[in-house]
Amino acid sequence: MIVAISVVFVLLQSSFVQAKFKIGDHEFESQHHFIQSGARCGVKDLTPEEYAIAEAKFIEDYSQVDETLVTGGTIDVYFHVINKGSGIANGDIPDSMISDQINVLNAAYATAGWVFNLKSIDRTTSNAWYGMRVGSTAEKLAKAALRKGSAKDLNIYTANLANSLLGWATFPADYSKKPSDDGVFLLYSSFPGGSAAPYNLGDTATHEIGHWMGLYHTFQGGCARSPTTGGDLVSDTPAEASAAFGCPANRDTCTGSSFPGADPITNFMDYTDDSCMNSFTSGQITRMSQMYATYRKNK
């Protein structure tokens, strides 16, 4: 009997691991395959060379910033809803979902001192832009036509992103080179109440805006991270070998690391399910403020 029960458990566990995973119109072999495909976030981890250049430039630029500017504040948000027709099924999300998304952001960033103020919503029907890919001509054209405000303002674009990619964002330091590219793209069904479960509570936006504010993934650099060779440059996030998904309790993939501790699965900058995410660290909050002061405020 014990053997039979064990076999059933293993089969059930195997079935769970291998369960098909669908987001939007795209089906993956499993949630693990979804994560491995890169569809959770279109922001790629930097190579060591890119990382070194970006951080050296940040250190130089930040040294010229008045320390009194390093604080939270209010960020005006411009929403651009790109759809292929009327109704949620066509990406035309209602104002109520956008309002709910703003509420999620304000709750997530409250401890960091940031408030998101919905400035305006516009809607564009375009089949050419609706299923765009990251880095595509469609993305560039949409941003060139729709973007509003300056470096300190957040532009959020929603569409049915290709291959069910949940979202992507630009980093603060990129603004001076390509101001029109600045902003965040989100899969429309990832908004609160959307159909992209388990990523439909609004924290894809929280994650992508973390990048827009200057944060890297918690698993950047893996277990080999150090202040000079990688990592997220935040000392109070434990090292993590790879992106987590689901909500794996007691996961610790970097035992013996110089950045010890259980993997930060509840951190907004990991890849876990929305229901698992609930925090930024003090170090991340400081980095966001420094980045905003250096590259966005008064620009």
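## Exercises on strands, salt bridges and a helix pair

Strand β5 (residues 154-159) runs parallel to its partner β7, and four bridges join the two. Keep in mind as you work that this is a predicted model.

### Exercise 1: the neighbours of β7

**Task.** Find which strand pairs with β7 in the antiparallel sense, and name the residue in β7 that is the bridge partner of G167.

**Solution.**
- Step 1. Start on the parallel side, where β5 and β7 share four bridges. Two of the residue pairs here are I156 with V184 and A159 with L187.
- Step 2. Now look for the antiparallel partner: β6 (residues 167-169) pairs with β7 in that sense, over three bridges.
- Step 3. Within β7, G167 has L186 as its bridge partner.

### Exercise 2: the faces of β5 and β7

**Task.** Sort the side chains of β7 (residues 184-187) by face and decide whether they are buried or exposed, then treat β5 likewise.

**Solution.**
- Step 1. In a regular strand, side chains alternate between the two faces of the sheet, so every second residue belongs together.
- Step 2. For β7 this puts V184 and L186 on one side, with F185 and L187 on the other. These four residues are all buried, which covers both faces of the strand.
- Step 3. For β5, one direction is taken by L154, I156 and T158, and the other by N155, Y157 and A159. Here too all are buried, giving six of six residues for the strand.
- Step 4. β5 has a further parallel partner to add: strand β3 (residues 73-83) pairs with β5 over five bridges. In that neighbourhood, H80 stands opposite Y157 of β5.

### Exercise 3: a closer look at F185

**Task.** Describe the surroundings of F185 in strand β7, beginning with its relative accessible area.

**Solution.**
- Step 1. The relative accessible area of F185 is 0%; the cut-off for buried is under 20%, so F185 is buried.
- Step 2. Leave out residues up to four places away in sequence, and F185 touches I82, M132, E139, K143, Y157, L161, L166, G167 and W168.
- Step 3. For a backbone distance, take T158: its C-alpha atom is 5.8 Å from that of F185, although the two are 27 residues apart along the chain.

### Exercise 4: salt bridges within and between elements

**Task.** The whole structure holds 13 salt bridges. How far apart in sequence are E139 and K143, and which parts of the chain does the pair D182 and R147 link?

**Solution.**
- Step 1. A reminder first: side chains of opposite charge can pair when their charged atoms come close.
- Step 2. E139 and K143 form a salt bridge with an N to O distance of 2.8 Å. They lie four residues apart in helix α6 (residues 137-146), so about one helical turn separates them.
- Step 3. Check burial for this pair. E139 has a relative accessible area of 8% and is buried, and K143, at 1%, also counts as buried. Both residues appeared above among the contacts of F185.
- Step 4. Turn to D182 and R147, whose closest N and O atoms are 3.0 Å apart. This salt bridge joins the loop between β6 and β7, home of D182, to the loop between α6 and β5, home of R147, across 35 residues. D182 is buried at 2%, and R147 is buried at 16%.
- Step 5. Salt bridges with shared partners also make one network of D92, D95 and R123.

### Exercise 5: a longer reach

**Task.** Which helices hold R287 and E55, and are these residues buried or exposed?

**Solution.**
- Step 1. R287 and E55 make a salt bridge, with 3.0 Å between the closest N and O atoms.
- Step 2. R287 sits in helix α8 (residues 282-295) and E55 in helix α3 (residues 48-62), so the bridge links distant parts of the chain, 232 residues apart.
- Step 3. R287 and E55 are both buried.

### Exercise 6: α4 against α7

**Task.** Classify the packing of helix α4 (residues 95-108) on helix α7 (residues 203-212) by its angle.

**Solution.**
- Step 1. The axes are 9 Å apart and make an angle of about 55 degrees.
- Step 2. That angle makes α4 oblique to α7, and the crossing is right-handed.
- Step 3. The residues that meet are Q101, V104, L105 and A108 from α4, and D203, A205, T206 and I209 from α7.

Key: Residues numbered from 1 in each chain as written. Predicted model: local features only at pLDDT ≥ 70, side-chain atom pairs only at ≥ 80, totals over all residues. Heavy atoms only, no water. Buried < 20%, exposed > 50% of the residue type's maximum accessible area, 1.4 Å probe, protein only. Pairing = 2+ DSSP bridges. Salt bridge = Lys/Arg side-chain N within 4 Å of Asp/Glu carboxyl O. Contact = heavy atoms within 4.5 Å. Axes fitted to C-alpha atoms, helices over the stretch in contact; angles between N-to-C directions. Parallel < 35°, antiparallel > 145°, perpendicular 65-115°, else oblique. Left-handed = near helix turned anticlockwise from the far one by under 90°.
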